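Q: How should one read a structural model in which a protein chain is shown together with a ligand? Please take me through it feature by feature.

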Amino acid sequence: MIRTAFTQPINPVTIRTLMSSETAKILDGKALSDRMRQYMQKEIEAMHSRHGRAPGLAVILVGDDPASRVYVKNKKLACEKVGIISFSHELPADTTQQHILGLIGELNRDPRVDGILVQLPVPDHIDSETIIIAIDPGKDVDGFHPYNIGSLTVRIPALRPCTPFGCMKLLEEAGIDLHGQEAVIVGASNMVGRPMALELLLAGATVTVTHRFTRDLKSHIERADIVVAAAGKQGLIQGEWIRKGAIVIDVGIHRLENGKLTGDVDFRAASKRASWITPVPGGVGPMTITMLLHNTIAAFHSHVGEQTVGDEG
Ligand code: NAD
């Protein structure tokens with residue numbers, strides 16, 4: 001359990017009575033990520049001296065989607081900084097599914113590789129589900145394999161999807177007790193919305209998942225103690241919808257014409273009503289990569305037959 005200066009548990013009643021607060025406190029994903037990565041760096045040095053190797057992450061990128069290239073570059077840089085070895089496989093857009101499945105088979109067998117990540121989305125002629133299922137669940141550091149999603153569903157989490165896991169770490173860091181809280185998730189994707197629902201349920205929240213067919217999104221948001229916005233629609237969540245004292249986690253990422261990043265929530269208005277809020281950038285984004293590193297380290301521990309050592313931070 002991560003504990004720092006501001007981690008006094010906050011119960012639901014306290015959250016609802018934070019009526020007088022003018023500005024929300026920031027759930028600072030950048031700061032938490034920095035602390036966790038510093039810890040990981042030391043842990044990896046120790047792992048290297050115990051086992052003669054560092055954890056390894058294989059990253060497969062198919063095609064040349066510019067956003068995917070940036071994500072892959074950031075993941076590789078983050079690996080290098082903490083001492084994880086990254087094995088890069090950059091394949092042309094017309095690579096066949098058969099070829100990718102063959103590569104995944106090799107990486108599944110490669111003892112230097114603890115984690116395998118296929119950057120999504122893949123080109124249309126490739127079936128992403130077939131690709132995900134081909135990854136050894138013990139190396140599925142994105143946590144998308146049905147085995148890992150199923151493990152989370154039945155409350156024995158193994159490798160957990162990175163973005164929801166990162167959101168949970170932020171809430172844990174702030175000492176927020178989720179038992180009995182009304183959580184509303186906006187978005188029901190396999191990568192974010194659905195596993196986020198499983199995480200919040202596991203933590204004792206009462207969970208509502210909204211999606212593109214939901215009627216009257218506003219009414220759901222207005223009664224939420226916690227809102228997780230992951231619709232991929234810039235500014236979808238209006239600040240006035242946020243209940244006073246609610247917690248707001250904004251997963252959305254959008255690049256504006258001026259180059260700045262923004263999220264699914266109207267941050268300025270929402271932060272006048274919320275008790276805690278994630279910024280974009282600097283909230284969920286860095287935590288997603290940090291949890292990828294965490295999962296790679298956890299996979300290494302499991303491959304060398306060690307228990308995961310404590311928690312980072
Ligand atoms: P997605 O397109 O796969 O899923 C979007 C979901 O939102 C769908 O379930 C859809 O039904 C729902 N939705 C769409 N419009 C809605 C509406 N008006 N009301 C309610 N629900 C609605 O997207 P995704 O992969 O889950 O990503 C969502 C957003 O999060 C994107 O902006 C993406 O860039 C971002 N993202 C950020 C991180 C991070 O690390 N911060 C990680 C993954 C995704």
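The dialogue below moves from the overall fold to the ligand shell, one helix and one loop residue.

Q: Which secondary structure elements make up the protein chain?

A: A word on the source comes before the count: this is a predicted model. The protein chain contains eleven helices and eleven strands. Its radius of gyration is 19 Å, close to the 20 Å that the globule rule gives for 313 residues, so the chain is as compact as a globular protein of that length. The C-alpha trace spans about 55 × 45 × 40 Å along its principal axes.

Q: What share of the residues counts as buried, and what share of the contacts joins residues at least 24 apart?

A: Burial is read from relative accessible area, with under 20% as the cut-off. Of the 313 residues, 50% count as buried. Among contacts between residues at least 6 apart in sequence, 72% join residues at least 24 apart. The accessible surface comes to about 14600 Å², and carbon and sulfur atoms account for 54% of this surface.

Q: Which residues come nearest to the ligand?

A: A ligand shell is read by listing the residues within 4 Å of the ligand. Here there are 21 such residues, and Ala 188, Ser 189, Arg 212, Val 251 and Thr 288 come nearest. By class, the shell holds ten nonpolar, nine polar and two charged residues. Helix α11 (residues 284-303) supplies the largest share, three residues.

Q: How far are the oxygen atoms of the ligand from polar atoms of Ala 188, Ser 189 and Arg 212?

A: For such pairs of N or O atoms, the cut-off is 3.5 Å. A ligand oxygen lies 2.5 Å from an N or O atom in the side chain of Ser 189. Polar backbone atoms of Ala 188 and Arg 212 are found at 2.8 Å and 2.9 Å from a ligand oxygen, respectively. The protein covers 75% of the 860 Å² of accessible area that the ligand has on its own.

Q: How many residues of helix α8 are buried, and against which elements do they pack?

A: Helix α8 (residues 193-202) is mostly covered, with seven of its ten residues buried. Among them are Met 196, Leu 198 and Glu 199. The buried residues pack against helices α6 and α7 and strands β5, β6 and β7. Gly 204, which follows α8, has a positive phi near 95°.

Q: Why does Ser 271 count as buried?

A: Ser 271 counts as buried because its relative accessible area is 10%, while the cut-off is 20%. This residue lies in the loop between α10 and β11. Its side chain reaches the backbone oxygen of Arg 268 at 3.1 Å.

How values were computed
Residues numbered from 1 in each chain as written. Predicted model: local features only at pLDDT ≥ 70, side-chain atom pairs only at ≥ 80, totals over all residues. Heavy atoms only, no water. Polar contact = N/O pair within 3.5 Å; in protein donor to acceptor, adjacent residues only side chain to side chain. Areas by Shrake-Rupley, 256 points an atom, 1.4 Å probe, with all protein chains shown as cover. Helix = DSSP H or I, 4+ residues; strand = E, 2+ residues; numbered from the N terminus. Nonpolar A, V, L, I, M, F, W, Y, C, P; charged D, E, K, R; others polar. Buried < 20%, exposed > 50% of the residue type's maximum accessible area, 1.4 Å probe, protein only. Contact = heavy atoms within 4.5 Å. Rg over C-alpha atoms; globule rule 2.2 N^0.38 Å.
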